[in-house]
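Let's take a walk through this structure together, one region at a time. Keep the 3D view open and turn it as you read.

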Amino acid sequence: MTKYLLSKITQSLVLLFGVVFLVFFMVRITGDPAALMMPRESSPEQIEAFREKMGFNDPILVQFSRFLKGAVRGDFGASLHFKTPAMPLVLERLPATVQLASTGLLMAVIIGIPIGLVGGFTPGSLIDSIGRFIALMGQSVPNFWLGLMMIIYLGVGLGWFPTFGRDEWKSVVMPAFVLGLPVMGQLVRLTRSSVLEIRGEDFIRTAHSKGLKPNTIYTKHVFRNIAIPLISVIGVQFGYMLGGSIYIEAIFSWPGMGGLLEQSIGWRDFPLIQAIAVFTSLVVLALNLLTDLAYSIVDPRIRYGR
Amino acid sequence: MADNEAFAPKTADSLLDTEKTFKDKLAYFGRFLWRDKGGIIGLVVFLIVVLAAIFAPVITSQSPFDQNLRASKMPPAWQEGGDWEHPFGTDSLGKDIFSRVIYGARVSLMVGLFGVLIAGALGLIIGAIAGYVGGRLDAAIMGGVNLILSLPYLLFVVFIAAVLGRSLLNVILIFGITDAPIFARVTRGEVLRIRRSGYIESAISAGARWPRIIFDHIIPNLIGPLITLATFEMSAMIFYEAGLGFLGLSVPPNEFPTWGNMLAAGRKYMTSYPWMASFPGLAIMFTSLGMNLLGDWLRDVLDPRLRRSRK
């Protein structure tokens, strides 16, 4: 177990180093990071002064080691827009994003898994059709558009929910639903197909033939087995939700990291974008690590198999 | 080489197959299409979008660029104040929304098609090498692939798009390159699976050399899973292109009408003139729905191993 844990942690650290490397070189692929970050109307002298101030004239390796040293301490330099260190600005926005993603995930789990279970046990039933419809919608509806439509019809039209900001508990309902819908669809699909698959297994038939009650079979035999793929999907999807709420936060003016990213693109505030990218990746990688761990606790084959 | 011919199994996708087997195949596809109604809907929707993109000037006589401030912010034809001149209404500058939606299909399909072609070609090469060579090279390649796939995808696409600036070519290249790892992973998995199968062994023992094995046996067997993946990825690219447009990071608005740019422009007027954002969004949803149904159906037809799990 320790060995498995260590190898997973090492992998994550290598990945994180890769992220820092990517983020460092990405702002340099056009050749001139200073021109990229300065407003378009700046004079060549201003750009040169900026280049000197940011240390872009130093050899690239010196720059990278400086960037890496800073990154390890969480220091990505000052935001160009706010003129204060970038990282605290990102951390300040973290709770809102976590609240949004976890509410969305909760909605997806509470609605998606039961519908998928019922659909798997009674294929072709009404609830199954509803489930398949949710799955299809989750895959196909563009979330930024769904957000706009909900604002127009539920927010402005019916006045059920506030259309922007994060002031009361009702504010989180619409953005979280939009963020959660694709995950909900995926959970319905996955639960349904896992149940269908496991229902046909020999050990379920044995359980039936030895006279166990159907409810016991569902909870003890079926649900335990589908829990394994579900855990991994939920963990990975939570990571994607944390890193993928850009449109939704922008549309609903939700004060999270995604909204900050959208704004900093407008400001060409690349130090802030770098900080957001590295921090979000760190969170996503940590979540993936936790998922792997949960997975190995639930399924002993993984712990001992490798 | 002539003796090998007898041993080599007939490959399903070889163009040299006789007409009769082609008809058989068509009948096979037709049977599955008929059985899966979702597949028919998907195919029809996809064809509608493709035809709309190709025949845009025939479908609509309005130019997608002509501004007419006098006819600006007109509602759709069936609402009060609407006019069948502009079935979906007009935007804030009086441009005809219907023709912009129709022409918008061109950019979406171009991004999807070329993006998938680039990603598929890169992924096929990388994945086939990793799967066939194996060993350390495989470990290194798959390490890189997993690195990219474990990142928050949207965030990095937005980041790259912000650095490179707005252009159609950039958007296609971004999707073509960032999406290649998915194709590489699927290709590698399939290559590994195919290599272990009995018919490769028999081909080798019959004296087939590696180019023949790769081109005659491995690649035809890869086509099924890759076409299915390509359909889903194309749908995803159309979606992400619209998302980039929505953030103002895709094709510049004066070059082509695109659904994402229309959404971004319509967002400002969303509460007073909702149709400006509704129709491009419906177009994205329509396309993506069709392609997902088509992909589901293709997966069932082309990959018999997955059929069981869908009942």
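Before we look at a pair of helices, one convention helps: two helices count as roughly antiparallel when the angle between their axes is over 145 degrees. Please also keep in mind that the model you see is predicted.

With that in hand, turn to chain B and find helix α11(B) and helix α13(B), the latter spanning residues 275-302. Their axes come within 8 Å and cross at roughly 170°. α11(B) and α13(B) are therefore roughly antiparallel to each other. As for handedness, the crossing of α11(B) past α13(B) is left-handed. Where do α11(B) and α13(B) meet? On the α11(B) side, the residues include B:G224, B:I227, B:T231, B:I238 and B:A242, while α13(B) contributes, among others, B:I284, B:M291, B:G295, B:R299 and B:L302. Sorted by class, this helix-to-helix contact holds 11 nonpolar, 8 polar and 1 charged residues.

Now zoom out to chain B as a whole. Its secondary structure consists of 14 helices and 0 strands. Of the 311 residues in chain B, 43% are buried. Among the contacts in chain B with a separation of 6 or more, 70% join residues 24 or more positions apart. For a closer look at burial, pick out helix α8 of chain B, residues 168-178. Here B:V171, B:I172, B:I174, B:F175, B:G176 and B:T178 are buried. What covers them? The cover over the buried residues of α8(B) includes α5, α7, α9 and α11 of chain B, so you meet α11 once more.

Helix α11 of chain B, residues 210-246, has another role to notice: it gives 15 residues to the largest nonpolar core, the most of any contributor. That core has 151 residues, and A:I276 and B:V158 touch the most other members. Helix α11 of chain B, as said, gives the most to this core. Follow A:I276 into its surroundings: leaving aside neighbours within four places in sequence, A:I276 is in contact with A:V90, A:M257, A:L260 and A:L261.

Next comes the place where the two chains touch. This contact takes 38 residues from chain A and 33 residues from chain B. On the chain A side, the elements that give two or more residues include α1, α6, α7, α8 and α10 of chain A. The largest share of that side, 7 residues, comes from α13(A). By class, the side of chain A that touches chain B has 26 nonpolar, 10 polar and 2 charged residues.

Staying in chain A, look for A:G147, which sits in helix α7 of chain A. Is A:G147 buried or exposed? It has 25 C-beta neighbours inside 10 Å, so A:G147 counts as buried. Apart from neighbours within four places in sequence, A:G147 is in contact with A:P175, A:V178, A:Y247, A:I248, A:I251 and A:F252.

Finally, two loop residues in chain A deserve a look at their backbone. Most residues other than glycine have a negative phi. A:S253, in the loop between α11 and α12 of chain A, has a positive phi of about 45° although it is not a glycine. A:S253 counts as partly exposed because it has 13 C-beta neighbours inside 10 Å. A:R268 lies in the loop between α12 and α13 of chain A, and its phi is near 55°, a positive value in a residue other than glycine. With 17 C-beta neighbours inside 10 Å, A:R268 counts as partly exposed.

Methods: Residues numbered from 1 in each chain as written. Chains lettered and ligands numbered in written order. Predicted model: local features only at pLDDT ≥ 70, side-chain atom pairs only at ≥ 80, totals over all residues. Contact = placed C-beta atoms within 7 Å. Helix = DSSP H or I, 4+ residues; strand = E, 2+ residues; numbered from the N terminus. Nonpolar A, V, L, I, M, F, W, Y, C, P; charged D, E, K, R; others polar. Core = buried A, V, L, I, M, F, W, Y, C linked by C-beta atoms within 7 Å. Buried ≥ 20, exposed ≤ 12 C-beta atoms within 10 Å, placed from the backbone. Axes fitted to C-alpha atoms, helices over the stretch in contact; angles between N-to-C directions. Parallel < 35°, antiparallel > 145°, perpendicular 65-115°, else oblique. Left-handed = near helix turned anticlockwise from the far one by under 90°.
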